[in-house]
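Got the viewer open and a selection box ready? Let's take a walk through this one, stop by stop.

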Amino acid sequence: MNLQEYLDKIIDFIINTHIDTIPQCYYNYFLNYLGVTIAGSHQLPIDIVIKTLSHDHTGNYHPINRNESLSLADCALIDCFSSSILAYDDIHFPTSTHPCGPIASSLLAYSRQNAISMHDFLEALCIGMEVECRLGILLFSNNQTSWYTTGIIGGMGVVGALSKVMNLSKEQIKNALSLTCNMASGTRGSHGSMAGSFIPALACQNGYLATCYALNGITCSDTSFYGHNGYIYQLCSKPNIEESIKDLGTKYISQEVICKPYPFGFISYACIDSLLNCTIDYHTIHDITIEISPMAKRLGSNMHPLHQYDAFVSIPYLVARTLINKDSLYQPIINNFIMTKEEQELINKMQIIENSYLHDDEADIYIDNQLFTNAYTHTNMSQDDIIRKFINLTHINQSWVNDYYQLNIDNIYQYIISYNSTKNDIFDNSANKIHT
């Protein structure tokens, strides 16, 4: 199969997929998305971006848990940024992409104007996540990359989802996907800064706009996707076509996505899990040696994080945090981040060694010559775990969550904002407590 035929297969999947019973995991993904989006919606970078947008243009719609009036495309941008800002969203480990945020945010933008049932919303979410994950296999399964994968493939997932609810024709979808190829961007060099979580938001807005452009008649050559000078071959000299297309429509690899158990960069998960059963009193430690993969060392070896964005991806800091207080591992890092004296003293006892035999999800940690080792298992959080995470982040009561899973909801956006005038307000800013 060549890439032109591959593109046709992806588009046929988008058009022809109809899911009678939505798998439970997509309910979980979306609930997790709502929790982290509400929790992240009043972080400082969100304020900055909204202020910037408001200086240029406004609209008639509000981002989740905000009162400013923006356009639909800008709401998609802000909601997705809110979902990723605390590094607590979701991840597809085989490709390192974070698929739910861009796709759910774009669907919510569309649903502000168009009533979508819970079933149709989650069906489109499933389709979009599947497109994104399979493009990730196509591009990134055969090689290490410095691209921020969500920035490269997130917009394509958005097109897949929106094309379904907008009922785009095959030609319109081809134009939207091809146009999105020309809007993809993002490198891992953004990690450790505000922009590190902004890349998925840009992918979301670009995918949203590309789909709307195509709906209204903009065309784009599909050689932008498969041509010699196009998207695929500029990113990957040997795309993994067969693995990417295998069992398309019968097996959903997006069900391998996990909701993050920790609000940090994924490269730290093996280190954290290695130490969960460590009972050593951190006051007695003299020496810590951390052996991690080359990419984990390259991205995560900052010994002196200065702000929360540094801290999200600083393995030394997160190892110290784990050894000092394991309960803190489930709380987002706050805006006014300052390392404690105890954390800095532990970091001063550390050395990081690159071990080319280890994968990104493996770690060997020696504490005074005692080995703690782990390969992160990629096990998804249970539904109960996700519900606890959601309630902890939002302080929304259990009855709303029960309704979310049980009701036959015919207008998903109106349902989400329906608690806005009640005592147990779904958007009551209570999640802001995590950073005050």
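How many helices and strands are there in the protein? Colour by secondary structure and you'll find 20 helices and six strands. Keep in mind throughout that this is a predicted model.

**The whole thing**

Zoom out before picking anything. The C-alpha atoms fill a box of roughly 65 × 55 × 45 Å along the principal axes. The radius of gyration is 21 Å, which agrees with the value near 22 Å for a compact globule of 436 residues. Of those 436 residues, 61% count as buried. Turn on the surface, and you're looking at about 17100 Å² of exposed area, with carbon and sulfur atoms supplying 47% of it. As for the contacts between residues at least 6 apart in sequence, 79% join residues at least 24 apart.

**Into the core**

Now hide the surface and go inside. In soluble globular proteins, nonpolar side chains tend to be buried together. Here the largest nonpolar core has 152 residues, and the members touching the most others are Phe30, Phe225, Tyr231, Ile290, Leu323 and Tyr404. Select helix α6, residues 118-140, to see the largest share of this core: 15 residues come from there.

**Phe30 and its company**

Next, centre on Phe30 and show its surroundings. Beyond its neighbours within four places in sequence, Phe30 is in contact with Cys100, Ala104, Leu108, Phe121, Leu122, Leu125, Tyr404, Ile412 and Ile416. Add Tyr33, which lies with Phe30 in helix α2 (residues 24-40), three residues further on, about one turn of the helix. An α-helix has 3.6 residues a turn, so residues three or four places apart point the same way. Both Phe30 and Tyr33 are buried.

The structure holds 22 aromatic pairs. Are the rings of Phe30 and Tyr33 stacked or edge-to-face? Their planes are at 15 degrees, with the centres 5.8 Å apart, so this pair is stacked.

For contrast, jump to Tyr309 and Phe312: this aromatic pair is edge-to-face, at 5.9 Å centre to centre and 80 degrees between the planes. These two also sit three residues apart, about one turn, in helix α15 (residues 308-312). Tyr309 is buried, with a relative accessible area of 7%, and Phe312 is buried at 5%.

Back at Phe30, widen the selection. Ring pairs link Tyr27, Phe30, Tyr33, Phe121, Phe390, Trp400, Tyr404, Tyr405 and Tyr415 into a cluster.

**A charge over a ring**

Pick Lys389 and Tyr88 together. The charged end of Lys389 sits over the Tyr88 ring, 3.9 Å from the ring centre.

**An enclosed helix**

Select residues 315-324, which make up helix α16. Nine of its ten residues are buried, so α16 is largely enclosed by the rest of the structure. The buried ones are Ile315, Pro316, Tyr317, Leu318, Val319, Ala320, Arg321, Thr322 and Leu323. You've met Leu323 already, among the core residues that touch the most other members.

**Last stop: Val49**

Finish in helix α3 (residues 44-56), where Val49 is found. Is Val49 buried or exposed? Its relative accessible area is 14%, under the 20% cut-off, so Val49 is buried. Leaving out residues up to four places away in sequence, Val49 touches Leu77, Ile78, Phe81 and Phe198. If you want to try the distance tool, go from Val49 to Gly155: these residues are 106 apart along the chain, and their C-alpha atoms are separated by 20 Å.

Notes:
Residues numbered from 1 in each chain as written. Predicted model: local features only at pLDDT ≥ 70, side-chain atom pairs only at ≥ 80, totals over all residues. Heavy atoms only, no water. Buried < 20%, exposed > 50% of the residue type's maximum accessible area, 1.4 Å probe, protein only. Helix = DSSP H or I, 4+ residues; strand = E, 2+ residues; numbered from the N terminus. Phe/Tyr/Trp six-rings, centres within 6.5 Å; stacked < 30°, edge-to-face > 60°. Lys NZ or Arg CZ within 6 Å of the ring centre and 35° of its normal. Rg over C-alpha atoms; globule rule 2.2 N^0.38 Å. Contact = heavy atoms within 4.5 Å. Areas by Shrake-Rupley, 256 points an atom, 1.4 Å probe, with all protein chains shown as cover. Core = buried A, V, L, I, M, F, W, Y, C linked by side-chain atoms within 4.5 Å.
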